[in-house]
Amino acid sequence: MSKVKAIKGGEFVIRDTAPSDVFIPEEWTEEQNMIASMCQDFLNQEITPNLDRIDSMEEGLMPAILEKAGELGLLGLSVPEDLGGMGVDFKTSLLATEVLGTGYSFSVAYGAHTGIGTLPVLYYGSEEQKKKYVPKLANGEWKAAYCLTEPSSGSDANSGKTKAELSEDGKHYIINGQKMWITNGGFANLFTVFAKIDDDKNLTAFLVEADSEGISLNAEEKKMGIKGSSTRQVFFNNVKVPVENMLSERENGFKIALNILNIGRIKLAAGVLGGAKSAITESINYANEREQFGRPISKYGAIRHKIAEQVIKSFVVESATYRAGQNIDDAIEAFVESGMSKSEATLKGIEQFAPECAILKVAGSECLDFVVDEAVQIHGGMGYSAESSVERAYRDARINRIFEGTNEINRMLTVDMILRRAMKGELDLMGPAQAVAGELMSIPDFGDTEEGVFANEYKALKGFKKVILMVAGSAVQKLMQTLSKEQEVLMNIADVAIWTYLAESTLLRVDKLIGMRGEEACKHEIAIVKTYFYDVADKINKAGKDAINSFAEGDEAKMMMMGLKRFTKTEAFNAKEARQMIATRVIESNRYDF
Ligand SMILES: Cc1cc2nc3c(=O)[nH]c(=O)nc-3n(C[C@H](O)[C@H](O)[C@H](O)COP(=O)(O)OP(=O)(O)OC[C@H]3O[C@@H](n4cnc5c(N)ncnc54)[C@H](O)[C@@H]3O)c2cc1C
């Protein structure tokens, strides 16, 4: 992919991308597919047969499974070779996360260990710290956990009360405090702990070994789902941590916490994608087997509609996740070429696409919730039985909208990050926003310039981006400093940005695919794109309307409403037939086969 054209994070709002410039999942190489199969084999052998044992928290089982994963190299995929890992690129690590994302509680333990557990020391550790801890984490000998949340400090993560005080001899920090909801807490050997030194404004991160004196744990939390994932409170009572175990610099902890969460967000999207695909296959299998009124329920339109929607939503999230994954890899490569170390470049690359990571976290977790909810519905009473795997999937899915930053926080972050970049002059939103405002006052140009199978969709995409610019631009002008407090408006803008990013990513994917395989071979994918655009145009219209009505009135509101109508106009389209076609394909294959 050419560096000249490299798109910046958040820039999708104002810049078009060519299909040739996106990575699509149909381009996985043989080597990447081999890594995916290795993960799948591991799941089939170690996880699927043991789901009940895992969920009953059988003593020692989860750490033993993590050790096996470590022996196979699955814990060190993102770790460079000189530290005992495989050093795969970012999007390949997303692929592995997707496959392992079907592992219910295991995928949470895996994600916490390899993500928020290992990455702080990998990316922010000194050479000595990395040499001491990373190889043991990569091979599974040690397990890791991340201690940020406290009873009174959740979304407001920088407000933690845990304290670190330098000892009189200057050799240790003494940590006192309480952390809550710590995944892998019950068996982790290494905690990354965030605490405040004296009266610092910001947190500092420390690497704390779990067998240090003064650490104690509460009993396992009793949870709605992911019952096999260890979640504990961790208490620090005068815990002595050597000064050399401070991670990075004093007060850099909040930044570390946020950057690590960014990575976690896009990885969460990849993981839930695996879970969604698997729940779709379960739904299709059941719908094909179960007969009522003399026919398999997969013959009924109401059920076919649900299956098609499950497929559309998942395909869309997949398109956006790997598009962003490649953008991140490209950014990392460019930073490395400019002379940065790999760790620094990786952090910068991911930070660059932080708005997309937040978008994907929200979109992925909400897609999974939709898919598992319909999976239960398709299973009828069986879906409500603890004997069925979709019952577990339904309960386990729910956490994804809460951790790694709640979806409300991530929606607000999406808008906040994009606007901040505009204020700093990194993204030229003002020029395009003014152009849209000017367009509202001029006579509309109905000349259609787009051609081909996606003429309507490319035109619609331009309109969706104009909605973001019109609503956000006008909200910034009208509400100024108070915009950050107008959360309903922020939610509306975030939703429009999320749908636009997903719509664009899917359109570019399928357009590229048509170039590779021809239109006829892509008819189902084309149906997915068209149905998605047709649906989100109305949703964007509604979100835009709600926002405009809340802060504009009179002629100004009228003018914006007219613009909104134009920007979200849809052509007549038979969505029922398109969904039927999508459903027929997967029902015939008896699995999610895109
Ligand atoms: C199973 C599980 C595992 C976890 N694992 C870990 C872990 O390994 N390490 C770790 O450090 N943490 C972990 N967490 C904690 C998790 O990250 C937090 O639960 C999450 O960040 C939300 O914080 P909270 O629970 O305090 O909710 P709160 O912050 O109290 O939020 C409650 C509600 O208020 C909303 N809200 C909060 N602030 C605002 C605002 N400014 N504007 C609008 N709405 C707002 C939220 O969106 C939410 O809907 C885990 C949690 C669970 C349940």
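**A walk through the chain, starting at a strand pair**

In strand β7, Phe236 is the bridge partner of Ile215. This pair belongs to a predicted model, and it serves here as the entry point to the rest of the chain. Strand β6, residues 215-217, pairs with β7 in the antiparallel sense, and three bridges hold the register between them.

Phe236 itself lies in strand β7. It counts as buried because it has 25 C-beta neighbours inside 10 Å, where 20 or more are needed for that class. Its C-alpha atom is separated by 5.8 Å from that of Gly214, although the two positions lie 22 residues apart along the chain. Apart from neighbours within four places in sequence, Phe236 is in contact with Thr162, Ile175, Asn176, Gly177, Gly214 and Ile215.

Strand β7 covers residues 231-242, and it is also joined to β3 by nine bridges, with the two strands running antiparallel. In that pairing, Ile182 has Arg232 of β7 as its bridge partner. As a general point, the side chains of a regular strand alternate between the two faces of the sheet.

The loop between β6 and β7 contains Ile226. Ile226 is not a glycine, yet its phi is positive, at about 30°. Most residues other than glycine have a negative phi. Ile226 is buried, because 25 other C-beta atoms lie within 10 Å. A second residue with a positive phi is Asn590, which is also not a glycine and has a value near 60°. Asn590 is placed in the segment after α19 (575-589). With 14 other C-beta atoms within 10 Å, Asn590 is partly exposed.

The next strands to consider are β4 and β5. Strand β4 (residues 190-197) pairs with β5 in the antiparallel sense over six bridges, and within this pairing Leu190 is the bridge partner of Glu209 in β5. The hairpin of β4 and β5 has six residues between the strands, and in it Asp198 takes a positive phi near 50°. Strand β5 spans residues 204-209 and is mostly covered, with five of its six residues buried. Strand β5 is also joined by two bridges to β8 (residues 246-247), and these strands run antiparallel. There, Phe206 stands opposite Met246 in β8.

Phe206 also leads into the interior. The largest nonpolar core has 187 residues, and Phe206 and Ile493 are those with the most contacts inside it. Helix α8, residues 253-289, gives the most to this core, with 18 residues. In soluble globular proteins, nonpolar side chains tend to be buried together. For Ile493, the contacts beyond four places in sequence are Val415, Ile468, Val471, Ala472, Ala475 and Ala547.

Ile468 appears again in the surroundings of Val13, a residue in the segment before α1 (30-47). Leaving aside neighbours within four places in sequence, Val13 is in contact with Ile418, Leu429, Lys465, Ile468 and Ala497. Val13 counts as buried because it has 22 C-beta neighbours inside 10 Å. The C-alpha atoms of Val13 and Val489 are separated by 17 Å, with the two residues 476 apart along the chain.

The ligand has 20 residues around it, and those that come nearest are Leu148, Gly154, Ser155, Trp181 and Thr406. Which elements supply at least two residues each to the shell around the ligand? They are β1 (144-147), β3 (172-183) and α13 (407-423). By residue type, the shell divides into eleven nonpolar, seven polar and two charged. Strand β3 therefore has a part in two of the settings described here: it supplies residues to the ligand shell, and it pairs with β7.

Finally, the chain as a whole. There are 19 helices and ten strands in it. Buried residues make up 52% of the 594 residues. Of the contacts with a separation of 6 or more, 77% are between residues 24 or more positions apart. The C-alpha atoms fill a box of roughly 75 × 60 × 40 Å, taken along the principal axes. The radius of gyration is 24 Å, which agrees with a compact globule, because a globule of 594 residues would have a value near 25 Å.

Key:
Residues are numbered from 1 along each chain as its sequence is written. This is a predicted model: local features need pLDDT of at least 70, side-chain atom pairs count only at pLDDT 80 or more; totals for chains, interfaces and linings use all residues. Helices (H or I, at least four residues) and strands (E, at least two) are DSSP runs, numbered from the N terminus. The radius of gyration is taken over C-alpha atoms; the globule rule is 2.2 Å times the number of residues to the power 0.38. A residue is buried if 20 or more other C-beta atoms lie within 10 Å of its own, exposed if 12 or fewer, and partly exposed in between; C-beta atoms are placed from the backbone. Two residues are in contact if their C-beta atoms, placed from the backbone, lie within 7 Å. A residue is near a molecule or strand if its C-beta atom, placed from the backbone, lies within 6 Å of it. Ala, Val, Leu, Ile, Met, Phe, Trp, Tyr, Cys and Pro count as nonpolar, Asp, Glu, Lys and Arg as charged, and the others, Gly among them, as polar. A nonpolar core is a set of buried Ala, Val, Leu, Ile, Met, Phe, Trp, Tyr and Cys residues joined through C-beta atoms within 7 Å. Two strands pair if DSSP finds at least two bridges between them.
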